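Let's take a walk through a protein model together. Have the sequence and the 3D view open, and follow along one stop at a time.

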Amino acid sequence: MLIPLDTADSLGALLVPYPAMLDVSYVVEHVSWLIYARRRELNSPWGKLGCFKQALLALAHLRKNETFAQLAAGFGVSTTTAWRYVDETLDVLAAWAPGLHEALTGLGEGDHVIVDGTLIPIDRIAADEPYYSMKHRRHGMNVQVIAGPDGTPLWFSRATPGRTHDLTAARAHGIVQACLTREILVLADRAYQGAGATFRTPYYHHREQPEHYQQFNHDHARLRVPGERAFAQLKSWRILRRVRCSTRRIGTIVQAVHTLLTCNYSG
């Protein structure tokens with residue numbers, strides 16, 4: 001008897017387990033312990049997978065953007081169970097991400113940070129206007145990033161629709177006021193002009209200005225270069241190169257990845 005390939009009965013037969021390698025050995029054990037502690041806190045019964053395998057499943061989803069069907073086949077669980085394990089792990093990790101004020105603790109007058117926005121691409125149709133970024137010419141979610149002078153990511157904001165202007169987002173998230181209160185110098189691009197006294201942005205039409213204007217822009221760009229490192233680390237988790245989940249969940253994913261990046265630095 002022939003079974004059509006697009007039926008539910010055929011999907012299980014088409015999915016087979018496969019070996020995979022993940023370059024996240026430095027965090028698997030740490031995530032396992034966080035899951036274990038959460039299970040003990042909730043007095044949750046043990047599931048089909050132990051803490052280590054649940055951590056590995058979630059990390060495979062985040063690092064490689066494996067679908068839930070692929071994860072289910074690889075770990076021998078149902079698609080629903082794979083989704084639940086990932087969802088639980090994201091919540092556990094996101095809870096450990098630092099808040100804005102915590103991230104800026106220890107910084108003050110004389111210190112500087114790099115602030116910029118990035119777009120997390122999403123699957124959206126053209127009618128979803130709030131999610132369309134004219135700057136990037138694609139649909140996505142705007143995430144504000146604060147990085148240290150060496151490019152170390154200090155804080156990631158919650159995700160807002162891609163149409164949100166960077167300065168508007170920075171004000172809404174409290175970045176402008178927090179840096180002003182602590183008198184922290186902020187290096188930002190032209191999108192943040194008018195943010196406040198502690199923000200430094202490049203001059204417009206600097207080639208038409210005196211030489212010291214050009215030198216300022218050159219030095220400003222050089223000091224901001226390490227900030228690209230924070231973006232590179234964030235996007236190294238393939239789940240954030242094109243997100244297929246609900247837009248309400250993207251902020252949780254970003255916070256979870258930040259916790260994983262923190263594990264990398266502390267390790």
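## A cavity, a pocket and the cores

The largest cavity is lined by Ile114, Val115, Asp116, Val145, Ala147, Arg224, Gly227, Glu228, Ala230 and Phe231. Keep in mind as you look that this is a predicted model. How many cavities of 30 Å³ or more does a search of the whole structure find? The search finds 1. The volume of the largest cavity is about 70 Å³.

Which elements build the wall of this cavity? Strand E1 (112-121), strand E3 (138-147) and helix H10 (227-235) each supply at least two residues of the lining. Helix H10 has the largest share, with 4 residues. Sorted by class, the lining of the largest cavity holds 6 nonpolar residues, 1 polar residue and 3 charged ones.

Now move on to the largest pocket, which has a volume of about 340 Å³. Its lining is made up of 19 residues, and the closest to the pocket's centre are Ile35, Arg38, Arg39, Leu42 and Val92. Which helix gives the most to this lining? Helix H2 does, with 7 residues. Both H2 and helix H5 (79-94) supply at least two residues of the pocket lining. By class, 10 of the lining residues are nonpolar, 3 are polar and 6 are charged.

Helix H2 covers residues 25-42, and Ser32 makes a good next stop. Ser32 is found in this helix. Is Ser32 buried or exposed? Ser32 counts as buried because its relative accessible area is 9%, and buried means under 20%. The side chain of Ser32 reaches the backbone oxygen of Val28, at 2.7 Å. Leaving out residues up to four places away in sequence, Ser32 touches Cys51, Phe52 and Ala55.

Let's follow one of those contacts. Ala55 has its place in helix H3. Along the sequence, Ala55 and Ser32 are 23 residues apart, yet in space they are 5.5 Å apart, C-alpha to C-alpha. Ala55 is buried because its relative accessibility is 0%. Setting aside its neighbours within four places in sequence, Ala55 is in contact with Val28, Val31, Ser32 and Ile35. You have already met Ile35 as one of the residues closest to the centre of the largest pocket.

From helix H3 (51-64), continue along the chain to helix H4 (68-75). The loop between H3 and H4 holds Asn65. This residue has a positive phi of about 60°, although it is not a glycine. Asn65 counts as buried because its relative accessibility is 14%. In H4 itself, Leu71, Ala72 and Ala73 are buried. What do the buried residues of H4 pack against? They pack against H3 and H5. After H4 comes Gly76, which has a positive phi near 70°.

Compare the Asn65 loop with another spot farther along. Glu183 lies in the loop between helix H8 (175-182) and strand E6 (185-187). Glu183 is not a glycine either, and its phi is positive, about 55°. Is Glu183 buried, exposed or partly exposed? With a relative accessibility of 43%, Glu183 counts as partly exposed.

Finally, step back and look at how nonpolar residues gather inside the model. In soluble globular proteins, nonpolar side chains tend to be buried together. Here, the largest nonpolar core has 46 residues, and those with the most contacts inside the core are Leu57, Trp237, Leu240, Ile250, Ile253 and Leu260. Several elements you have visited give two or more residues to this core, including H2, H3, H4 and H5. E1, E3 and H10, which you met at the cavity, are also among the elements that do so. Which helix gives the most to the largest core? Helix H11 (247-266) gives the most, with 8 residues. Apart from this core lies another one, of 19 residues, among them Leu104, Val176, Ala178 and Ile184.

To retrace the route, start at the cavity with its share from H10, go on to the pocket lined by H2 and H5, follow Ser32 across to Ala55, and end in the core to which H11 gives the most.

Technical notes
Residues are numbered from 1 along each chain as its sequence is written. This is a predicted model: local features need pLDDT of at least 70, side-chain atom pairs count only at pLDDT 80 or more; totals for chains, interfaces and linings use all residues. Side-chain values use heavy atoms; hydrogens and water are left out. Buried means under 20% relative accessible area, exposed over 50%, partly exposed in between (1.4 Å probe, protein chains only). A polar contact is a pair of N or O atoms within 3.5 Å; within protein, one must be able to donate a hydrogen and the other to accept it, and residues adjacent in sequence count only if both atoms are side-chain atoms. Contact means heavy atoms within 4.5 Å. On a 1 Å grid over the protein atoms alone, a cavity is a set of points where a 1.4 Å probe fits but cannot get out, and a pocket is an open set with protein on both sides within 12 Å along at least five of seven lines; lining residues have an atom within 4 Å of a point. Grid points are joined across faces, edges and corners, and a volume is the space filled by probe spheres set on the points. Ala, Val, Leu, Ile, Met, Phe, Trp, Tyr, Cys and Pro count as nonpolar, Asp, Glu, Lys and Arg as charged, and the others, Gly among them, as polar. A nonpolar core is a set of buried Ala, Val, Leu, Ile, Met, Phe, Trp, Tyr and Cys residues joined through side-chain atoms within 4.5 Å.
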